[in-house]
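User: I am new to this structure and would like to go through it by question and answer. Please keep each answer short and end it on what I asked for.

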Amino acid sequence: MNVDIKVRWMLLTGLLMLMALPLGFLTDLPTYTVNNADTTALKLVVRHSGLTLGECRVLDQEELNQLAPNMRRPTICPRAKAPLAVSLKVDDALLIHENLTPSGIHDDGVLALFRKLELVAGDREVHLSVTHSLVGKKKTEEFERNISVDSNSIVIVEYSDDGFRFYQPGVETL
Amino acid sequence: MRQEARIRGQWNVMYNLGALSFYFFWIVAVTGVYLFIFFETSINGAWQSVVSITEDQFLVGSLMRSLHRYATAGMVVTVTLHLIRELYLGRFLAARSFSWLSGIPLLWLMFASSIGGYWLIWDDRAQYIALTTAALFDTLPIVVEPMAFGFIEGARVSDRFFTLLIFLHVGIPLSLLLGMLIHIQRLSDSNTFPERGLAAAVLVALLVLSLVHPATSGVPADLNKPLQTINIDWISMNTFPLVNLIGPGMVWLLLFSLTGLLILLPFIVPSKRRVVATVDPNFCNGCGWCFIDCPYDAIDMMPHESRSNHMQSVVDTDKCVGCGICAGACPTATPFKSVNKAFSGINLVDEKNAEILARVQASLHEKSSGKVLVVGCQHGADLKHLESEIVATLKLECIGQLPPSYLDFLCRREGLEAVLLSGCASGNCFHRHGIEIQEGRLAHEREPHLRYEDVAVRVSTLWTGKGGEKLLSEEVVKSIEAMNNER
């Protein structure tokens, strides 16, 4: 390696250092604001097995005769689950309205929904309404809570097979 | 002069983007193995172990971690530039579309590997990645239960989640490596490691950066609290803020559209008329020099179709890009034969070796004594302005297409006084190895080589690339002056 090549190498290294510096800083900076400081994250979580769409019924003799002998059970129950309508109001403002259909190719899987909202901290009236659309009828459940939420916190509104729940993770149930 | 030009090419970052990408990958792999030894795959241990590596190992851990991060960022940059450059130079059409298409999935794997690494640190940045990745995947109609359910609150994340993450963070980069090897499958003698000087300079730059701005962790992830202001890696995670800005559905649309466009490019961009090499078995002596020189592995040696116990070259037209380097390697191209002058065993279909020689001879016959020939390539500087009473020019597809025996013949039999070979910039041959192959032939380092010493002294080279017209003019003037002085 002669002197000229050494100088060239040092220049190259210096140039690469100059190029690397912004690269290094871009892996950290500028900072990014995900949520504003004075807001609360409200998470709506729905995970429900669903209600069976129709009721079980007794098969008549003609229907039984059409089945194979080992399949002749006197009653038949539909597998499909009912669709579910979910509405969330905060201080009377409708913020979420979703119609959920059951998962699975036979519509017999779970009904699931996740949504996240940003709310300004303070006293809030949260109202959640869920409606199972069964054959010929609807079954509605409603829940309402007046909550006081701090900034920089999370509130979870959950509807599952166990019922309805408001809670702040890491804190007691509201 | 030649050595300087070679070094300038070998140390040029823009000419070594593919090799640098491989180099960065190996730095990431080696430092990753080191970090893996000390990393704890648990909800409580992940963040703490990374902090411990950074702070408790007296510089070594911090350097390893920083090199791991910055080499990843370096790879993202070089790969992106590599893509843009190949696109700009049109190196994605016809036979080269294999490398182009096989490179597209690597972009996804590279970003997935890079982002997956940040996830393991389990700080506020990792929390942001978890929530944003969940939002992205939940938009796709393939998930039954939202992925976000796993990150609703801290209690829902378990140690097993980190086992899955580390599995992905090893598996995805290994898939990336496999993809990189497939990517270079159709290139012979592929450049997968930069020249030592460049490699050392890059490593020094990364080390200095690691000392000046060491990689650090944010505060531990807390899924029970919303994120506010965080540090993110704008090089690897540049699409993530878009999820908040335009929604996850639009981000997928953008990414899929961009990927689709890249895939379609080789099929929708019209390429110039396809030229390939063709073998004439009557003149192929089975020497295999074209097989050795082909930069795209497009030539195979097979039993000769009419002569027993002989081999012959066979061109795979799917792989052939029509560079003509094989034609320049053919020893039967020599015009010194008493019969079948300059007929060679392998030629480009649009202009055979013999036709090229005839064209040069015709051009030289029109010149006065003290004849100079400037040979260039289609991808280098323009030569027309050099034409004069004594200067003839010849443009080939690649400088490697020129059989050196033509120079011997033209100097000995046609009164050629000086030859200047030009073409692409050193280290940046459009057809990958044309310059070094021709240099090797001139220097007796590879076959077929220049035969006569008195011819060798008349041949000079100047690898300028496009835009080197002025330099070439100066070099031609110098050659003419040197010739006149000798007289």
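User: Is Asp4(A) buried, partly exposed or exposed?

Analyst: The model is a predicted one. Buried means under 20% relative accessible area and exposed means over 50%. Asp4(A) has a relative accessibility of 35%, so Asp4(A) is partly exposed.

User: Which residue forms a salt bridge with Asp4(A)?

Analyst: The closest N and O atoms of this pair are 3.4 Å apart. The two residues are four apart in helix H1 (residues 3-26) of chain A, so about one helical turn separates them. The partner is partly exposed, at 27% relative accessibility. The residue that pairs with Asp4(A) is Arg8(A).

User: How many salt bridges does a search of the whole structure find?

Analyst: A salt bridge needs a side-chain nitrogen of Lys or Arg within 4 Å of a carboxyl oxygen of Asp or Glu. The search runs over all chains, and the count is 20.

User: Which residue of chain B forms a salt bridge with Asp28(A), with the closest N and O atoms 3.4 Å apart?

Analyst: Asp28(A) counts as buried because its relative accessibility is 7%. Its partner in this salt bridge, with the closest N and O atoms 3.4 Å apart, is Arg69(B). The pair crosses between chains, from the loop between H1 and strand S1 (31-33) of chain A to helix H4 (residues 60-88) of chain B. At 6% relative accessibility, the partner also counts as buried, and its name is Arg69(B).

User: What is the N to O distance in the salt bridge between Asp28(A) and Arg125(B)?

Analyst: Asp28(A) and Arg125(B) are both buried. Their side chains meet in a salt bridge, with an N to O distance of 3.1 Å. This pair too crosses between chains, since Asp28(A) is in the loop between H1 and S1 of chain A and Arg125(B) is in helix H6 (residues 124-139) of chain B. The N to O distance is 3.1 Å.

User: Where is Pro30(A), which a cis peptide bond joins to Leu29(A)?

Analyst: The peptide bond between Leu29(A) and Pro30(A) is cis, with omega about -5°. Pro30(A) has its place in the loop between H1 and S1 of chain A.

User: What is omega for the cis peptide bond that joins Glu447(B) and Pro448(B)?

Analyst: Pro448(B) lies in chain B, in the loop between helix H15 (434-442) and helix H16 (453-456). For the cis bond that joins Glu447(B) to Pro448(B), omega is about -10°.

User: Is Asp297(B) buried, partly exposed or exposed?

Analyst: Asp297(B) is not a glycine, yet its phi is positive, at about 55°. The residue lies in the loop between helix H11 (289-293) and strand S3 (299-303) of chain B. Its relative accessible area is 34%, so Asp297(B) is partly exposed.

User: And is Arg432(B) buried or exposed?

Analyst: Arg432(B) also has a positive phi, about 80°, although it is not a glycine. Its place is in the loop between strand S8 (416-422) and H15 of chain B. With a relative accessibility of 18%, Arg432(B) counts as buried.

User: How many helices and strands does chain B have?

Analyst: The C-alpha trace of chain B spans about 90 × 50 × 45 Å along its principal axes. The chain has 487 residues, and 53% of them are buried. In secondary structure, chain B has 17 helices and nine strands.

User: What share of the accessible surface of chain B belongs to carbon and sulfur atoms?

Analyst: The accessible surface of chain B comes to about 22100 Å². The share that belongs to carbon and sulfur atoms is 61%.

User: What is the volume of the largest cavity?

Analyst: The count of cavities of 30 Å³ or more is five. The largest cavity has a volume of about 90 Å³.

User: Which residues lie nearest the centre of the largest cavity?

Analyst: The lining has 12 nonpolar, two polar and no charged residues. Of the 14 residues that line the largest cavity, those nearest its centre are Cys294(B), Ala298(B), Cys320(B), Cys323(B) and Cys326(B).

Definitions and conventions:
Residues are numbered from 1 along each chain as its sequence is written. Chains are lettered from A and ligands numbered from 1 in the order in which they are written. This is a predicted model: local features need pLDDT of at least 70, side-chain atom pairs count only at pLDDT 80 or more; totals for chains, interfaces and linings use all residues. Side-chain values use heavy atoms; hydrogens and water are left out. On a 1 Å grid over the protein atoms alone, a cavity is a set of points where a 1.4 Å probe fits but cannot get out, and a pocket is an open set with protein on both sides within 12 Å along at least five of seven lines; lining residues have an atom within 4 Å of a point. Grid points are joined across faces, edges and corners, and a volume is the space filled by probe spheres set on the points. Ala, Val, Leu, Ile, Met, Phe, Trp, Tyr, Cys and Pro count as nonpolar, Asp, Glu, Lys and Arg as charged, and the others, Gly among them, as polar. Buried means under 20% relative accessible area, exposed over 50%, partly exposed in between (1.4 Å probe, protein chains only). Accessible areas come from the Shrake-Rupley method with a 1.4 Å probe; for residues, only the protein chains shown count as cover.
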